[in-house]
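User: I'd like to learn how to read a protein model feature by feature. Could you walk me through this one?

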Amino acid sequence: MDLFEKCDNYTAAKDIMSAGNYPYFHELSTYQDSVVTIEGRRTIMLGSNNYMGLTCDPRVMDAAAAAVRQYGTGCSGSRFLNGTLVLHNRLERELAAFLNKESALTFSTGFQTNLGIISAITGPHDIIFSDRGNHASIVDACRLSFAKTIKYAHSDMSELRDKLERAPDNAGKLIVTDGVFSMEGDIARLPEIVELAGRYGARVMVDDAHGLGMIGDCGRGTANYYGLEDDVDIIMGTFSKSLASLGGYIASSDSVTHYIRHNSRPFIFSASIPPACCAAALEALHIMQIEPERPSKLRENGDYLRAKFREAGIVIGDSETAIVPVMTYETDRTFKIHNMLLMAGVYCNPVIAPAVNEGECLLRTSCTATHTKEQLDEAVAIFKDVLSRA
């Protein structure tokens, strides 16, 4: 069989294009903001992870531009060799302090961060316990690690307990969970996870890509939200969401970050994040700390959006955050409604299997700290009109 036969026979996306409901790769011609221009149309953006609204903040843009002028456009090498700037070390120190951890280490992308952490600290004699709602980067990281992976039903603490109970005592154990789940908008049951980890001798890793900025004091994330910073062994996060840039990080003990720094292949063999990305993340981190009203406003907007959807009779998932899923259930219906919303002036993200279970398709909406109530009201009104016609 020819290797490319699968490519020649792949028609799923083209079929959706032919139906006029293809939902991907729409072009923006403006800043990533609460209102954008998509393909010439004014569009309320309810599909961005720009939670703090800082991607077009002049202070963040100026910091990125200044870094380019001082350090150039790239580092031309890995952190391990010639790619470490003063900026990288400064960002790591400030992240560690912000998250109340001994040490931090930056990676080139958030996806790579999970690959780099999990593949380095686990191996064939270890067991990873992973929530079924975890991000795809965790799924791939578990595969790369060669550890045995045991999945438990989303936030099902009874199932996690049962599986921990059956695990051999002499195996290294890691429980890994999203802090804020990216599709559902709910929060991990971290107090119970930490209790189980202590009982069965496991370590705890929280992917806080969507938790940073979203919850906790000054947006410090899930461990801080529960007062469990000392009990969570590893905090992972990204710069591409609240920190308005690109890259990722681990915050943990000195010994863990030191080990990963010298043993993680995705870290050692990748170029470091460019100066502009590093400076932008650093400035965004500063702004989060001096403007704690931004995380507060984000939570307020999330509460407001959920209430308005319910008031309009729109079925939403069990969200607790500024990520609010609107249930559409079937794939074709999801794509059709997404397209109708876009034509009417609202962008959100269509989510279908395998990102969610079959029959549980949804439109993922997310607001930012910079959305106004008038913009959210307008978006909900458009949703209500479109759903009445779909």
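Analyst: Happy to; we'll go from the whole chain down to single residues. Keep in mind that this is a predicted model.

User: Let's start with the overall shape. What radius of gyration does the chain have, and what would a compact globule have?

Analyst: The idea is to set the chain against a simple rule for its length. A compact globule of 390 residues would have a radius of gyration near 21 Å, and the chain has 21 Å, so the two agree. The C-alpha trace spans about 60 × 55 × 55 Å along its principal axes. As for secondary structure, there are 15 helices and 13 strands.

User: How much of the chain is buried?

Analyst: Here you ask how much of each residue's area is left accessible, with under 20% counting as buried. By that cut-off, 55% of the 390 residues are buried. The accessible surface comes to about 16,900 Å², and carbon and sulfur atoms account for 52% of that.

User: And what do the contacts say about how far apart in sequence the partners are?

Analyst: You take contacts between residues at least 6 apart in sequence and ask how many reach further along the chain. In this chain 70% of them join residues at least 24 apart.

User: What about charges? How far apart are the mean positions of the positive and negative ones?

Analyst: Average the places of each sign, then compare the two points. The chain has 37 positive and 49 negative charges, and their mean positions are 1 Å apart.

User: Now a helix. Which residues of H7 are buried, and where do they sit around its axis?

Analyst: Look down the axis and see where the buried residues point. In H7, residues 157-166, the buried ones are Met157, Leu160, Lys163 and Leu164. They fall within an arc of 125 degrees, so they line one face of the helix. Glu165 and Arg166, on the other side of H7, are exposed.

User: What does the buried side of H7 pack against?

Analyst: Its partners are three strands and a helix: E4 (126-131), E5 (148-152), E6 (172-178) and H8 (190-200). Just after H7, in the loop leading to E6, you'll find aspartate 169. With a relative accessible area of 76%, aspartate 169 is exposed. Its C-alpha atom is 9.9 Å from that of alanine 202, which is 33 residues away along the chain.

User: Which backbone angles should I look out for?

Analyst: Most residues other than glycine have a negative phi, and most peptide bonds are trans. So go looking for the exceptions. Serine 76 has a positive phi of about 60 degrees, and alanine 244 has one near 55 degrees.

User: Where are serine 76 and alanine 244 placed, and is each buried or exposed?

Analyst: Both are in loops. Serine 76 is between H3 (58-71) and H4 (86-98), and at 73% relative accessibility it counts as exposed. Alanine 244 is between E8 (234-238) and E9 (248-252); at 12%, alanine 244 counts as buried.

User: Which peptide bond is cis?

Analyst: You read that off omega. The bond from alanine 353 to proline 354 is cis, with omega near 10 degrees. Proline 354 is in the loop between E12 (349-351) and E13 (361-366).

User: How do I read the surroundings of a single residue?

Analyst: Take its element, its accessibility and its contacts together, skipping close sequence neighbours. Asparagine 301 is in H13, residues 293-311, and is buried, with a relative accessible area of 0%. It touches Cys367, Thr368, Ala369, His371 and Leu376. Its C-alpha atom is 8.1 Å from that of threonine 372, 71 residues away along the chain.

User: What does alanine 284 touch?

Analyst: Alanine 284 belongs to H12, residues 275-290, and counts as buried at 0% relative accessibility. Beyond its sequence neighbours, alanine 284 is in contact with Leu54, Val60, Ser242 and Leu243. By C-alpha atoms, alanine 284 and aspartate 8 are separated by 44 Å.

User: Is leucine 144 buried, exposed or partly exposed?

Analyst: At 40% relative accessibility, leucine 144 counts as partly exposed. It lies in H6, residues 136-145, and touches Leu115, Ser119 and Pro266. The C-alpha atoms of leucine 144 and serine 119 are 5.7 Å apart, with their positions 25 residues apart along the chain.

Notes. Residues are numbered from 1 along each chain as its sequence is written. This is a predicted model: local features need pLDDT of at least 70, side-chain atom pairs count only at pLDDT 80 or more; totals for chains, interfaces and linings use all residues. Side-chain values use heavy atoms; hydrogens and water are left out. Helices (H or I, at least four residues) and strands (E, at least two) are DSSP runs, numbered from the N terminus. The radius of gyration is taken over C-alpha atoms; the globule rule is 2.2 Å times the number of residues to the power 0.38. Buried means under 20% relative accessible area, exposed over 50%, partly exposed in between (1.4 Å probe, protein chains only). Contact means heavy atoms within 4.5 Å. Accessible areas come from the Shrake-Rupley method with a 1.4 Å probe; for residues, only the protein chains shown count as cover. Lys and Arg count as positive and Asp and Glu as negative; His and the chain ends are not counted. The place of a charge is taken as NZ of Lys, CZ of Arg, CG of Asp or CD of Glu. The arc is that of the directions from the helix axis to the C-beta atoms. Lists of a residue's contacts leave out its neighbours within four places in sequence.
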